[in-house]
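Got the model open in your viewer? Let's take a walk through it, one selection at a time.

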Amino acid sequence: MSDDSSRPSDRDQEVARAAAGATTGSGASEHGGTTASEPLLQLKNLEKHFPLTQGIVFKKTVGHVRAVDGVTLTLGRGETLGLVGESGCGKSTVAKLLVALEKPSDGQILYKGRDVARMGRRDLKQYRREVQIIFQDPYASLNPRMTVGDIVAEGWSVHADIAPKKGRLQRTQELMDRVGLNPDFVNRYPHQFSGGQRQRIGIARALALQPEVIVCDEPVSALDVSVQAQVVNLLEDLQDDFGLSYLFIAHDLSVVRHISDRVAVMYLGSVVEEGTDSDVYGSPSHPYTQALLSSVPLHEPHLRGQKDRILLQGDVPSPANPPSGCRFRTRCWKAQDICATEPPALVDRGQGHPAACHFAEARSVVPVDVE
Ligand SMILES: Nc1ncnc2c1ncn2[C@@H]1O[C@H](COP(=O)(O)OP(=O)(O)OP(=O)(O)O)[C@@H](O)[C@H]1O
Ligand code: SF4
Ligand SMILES: [Mg+2]
């Protein structure tokens with residue numbers, strides 16, 4: 001067990017508590033189910049623009065950070081959608097919008113066909129129970145002053161109907177056991193656990209509320225590679241057992257490949273390519289996806305040297321002042337005049353899956369037999 005000296009901020013814990021469903025309001029709600037063909041979750045042209053302000057006493061809005069700028073995605077029942085992109089492209093903001101920790105500036109989130117923004121108090125409470133989140137830094141999202149048992153059981157104080165008071169300890173220990181933690185450690189504190197074990201505590205806390213969807217915001221990025229695989233395997237097992245749907249966020253395409261049915265690639269607030277695992281890895285068609293894939297290290301020695309190496313020039317532009325037309329054009333080796341004036345739509349231009357590039361063209365970047 002490690003002794004991590006870093007301390008979580010109050011804000012991180014507040015976010016984690018809110019995500020665990022700590023809303024006010026009471027009572028159960030009737031909840032509609034999805035039809036077989038209807039996605040469980042739909043994001044339609046979702047936008048989140050944070051105001052940029054100046055001045056201390058008299059605050060003046062001088063612009064907006066377009067963190068999420070027109071994201072359309074779907075998540076089916078029992079499906080895992082990987083969401084990948086560089087730091088700052090808006091992945092966590094999508095996650096927070098999904099679990100109602102942020103309100104969209106525009107666009108819609110539909111859950112089982114219903115607009116989350118129009119849900120009443122009772123239904124929103126139910127939504128917050130059914131759509132849970134786990135975070136990149138499990139320590140920052142766990143209250144260091146609470147025992148593991150209290151952390152896992154915390155959501156039941158709001159959703160009391162899930163676990164009657166009598167028997168909560170046993171239920172907590174069952175959950176700990178299910179995620180691979182020793183149930184005898186129920187009275188220990190987060191600092192007494194290793195990074196991987198803390199992530200298991202976060203998973204147990206999410207599971208305690210019997211969710212349908214778990215938004216996994218870079219859940220393994222802070223962990224050692226060997227531990228990453230164990231946590232990903234656990235998430236896959238839980239998905240099979242409980243029929244969960246995952247939005248799995250990562251900045252590395254290799255991490256999401258193992259777990260995702262479909263993958264969406266984000267750049268500067270928008271989705272630039274989307275497809276099945278074999279679409280995105282086998283025939284990436286957007287230059288940004290091709291560059292991201294080319295930076296994934298190959299573990300198979302015999303395949304090294306067979307990879308197409310694409311080095312991206314320049315930094316990611318500021319989301320407060322994104323380039324006109326195609327946002328990727330300042331770093332794109334294929335850019336032409338039209339790219340500065342016309343934003344490319346996210347459509348299939350003959351590659352079999354959508355890519356937001358006027359000149360989308362499938363290119364094999366990594367050998368197909370790479371795991
Ligand atoms: N509350 C906020 N107010 C202002 N800007 C914000 C806020 N939250 C996020 N941003 C900005 O929105 C953009 C997207 O941030 P976000 O955290 O969603 O990115 P990310 O893809 O999750 O990055 P990372 O990989 O580093 O976690 C960034 O430029 C960030 O600075
Ligand atoms: S639209 Fe133009 S700038 Fe954008 S990715 Fe395609 S070629 Fe590059
Ligand atoms: Mg993030």
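Look at the protein chain as a whole before you select anything: of its contacts with a separation of 6 or more, 69% are between residues 24 or more positions apart. Bear in mind that this is a predicted model. The chain has 371 residues, of which 42% count as buried, and you'll find 11 helices and 10 strands along the way.

**Stop one: the six-stranded sheet**

Select S6, S7, S8, S3, S9 and S10, in that order: these six strands make an open sheet with mixed pairing. At the edges stand S6 (131-134) and S10 (270-276), and because each has a single partner strand, one side of each is left without a neighbour in the sheet. Direction ignored, neighbouring strands here are turned by 20 degrees against each other on average.

Start from the S6 edge. Strand S6 pairs with S7 (residues 213-217) in the parallel sense, over four bridges. To see the pairing, pick Val131 and look for its bridge partner in S7, Val213. Now add H10 (residues 287-294), a helix that packs on the sheet and touches S3, S9 and S10. The direction of H10 makes about 105 degrees with that of S9.

**Stop two: strand S3**

Next, select residues 80-84. How many residues of strand S3 are buried? Five of the five are, so S3 is largely enclosed by the rest of the structure. Show the side chains: Thr80, Gly82 and Val84 point one way, Leu81 and Leu83 point the other way, and all are buried.

Now bring in the strands that pair with S3. Strand S8 (residues 245-250) runs parallel to S3, with five bridges between them. Strand S9 (residues 262-267) is parallel to S3 too, joined by four bridges. Leu83 is a handy residue to centre on: it stands opposite Ile249 in S8 and opposite Ala264 in S9.

**Stop three: the edge at Ser270**

Click on Ser270, which lies in strand S10. Is Ser270 buried or exposed? It has 25 C-beta neighbours inside 10 Å, so it counts as buried. Try a distance label from here to Val68: the two residues are 202 residues apart along the chain, yet their C-alpha atoms are separated by 6.5 Å. Neighbours within four places in sequence aside, Ser270 is in contact with Asp69, Gly70, Val71, Arg327 and Ala356.

**Stop four: the nonpolar core**

Which residues touch the most other members of the largest nonpolar core? Select Ala204, Val215, Leu247 and Val265: among the 90 residues of that core, these are the ones. Strand S2 (residues 60-75) gives the largest share, six residues. Colour by domain if you can: domain 1 (39-52 + 64-260) and domain 2 (282-371) both contribute residues, so the core lies between them.

Zoom in on Val215. Beyond its neighbours within four places in sequence, Val215 is in contact with Ala95, Leu98, Val99, Val131, Ile133 and Leu247. You met Val131 earlier, as the bridge partner of Val213.

**Stop five: two helices**

Ala204 takes us to helix H6, where it is one of the buried residues. Select residues 195-207 to see H6 whole: 12 of its 13 residues are buried, so this helix is largely enclosed by the rest of the structure. Among the buried ones are Arg198, Arg200 and Arg205, as well as Ile201 and Leu207. What covers them? Show S6, H4 (148-153), H5 (168-178), S7 and H7, which are included in the cover over the buried residues of H6. The end C-alpha atoms of H6 are 19 Å apart, which agrees with the 18 Å that 13 residues should span at 1.5 Å a residue.

Move on to H7 (residues 225-242). With 18 residues, helix H7 reaches 26 Å from its first C-alpha to its last, close to the 26 Å expected. Just after H7 sits Gly243, with a positive phi of about 60 degrees.

**Last stop: the four-stranded sheet**

Finish by selecting S2, S1, S4 and S5, which form an open sheet in that order with antiparallel pairing. Strands S2 and S5 (114-115) are its edges, each pairing on one side only. Strand S4 (residues 106-111) and S5 run antiparallel and are joined by two bridges; look for Leu110 opposite Asp115. Then add H2 (residues 91-98), which lies across S1 (41-54), S2 and S4 and runs at about 75 degrees to S2.

Technical notes:
Residues numbered from 1 in each chain as written. Chains lettered and ligands numbered in written order. Predicted model: local features only at pLDDT ≥ 70, side-chain atom pairs only at ≥ 80, totals over all residues. Buried ≥ 20, exposed ≤ 12 C-beta atoms within 10 Å, placed from the backbone. Pairing = 2+ DSSP bridges. Expected span 1.5 Å × (residues − 1). Axes fitted to C-alpha atoms, helices over the stretch in contact; angles between N-to-C directions. Contact = placed C-beta atoms within 7 Å. Core = buried A, V, L, I, M, F, W, Y, C linked by C-beta atoms within 7 Å. Domains from an automatic or database assignment.
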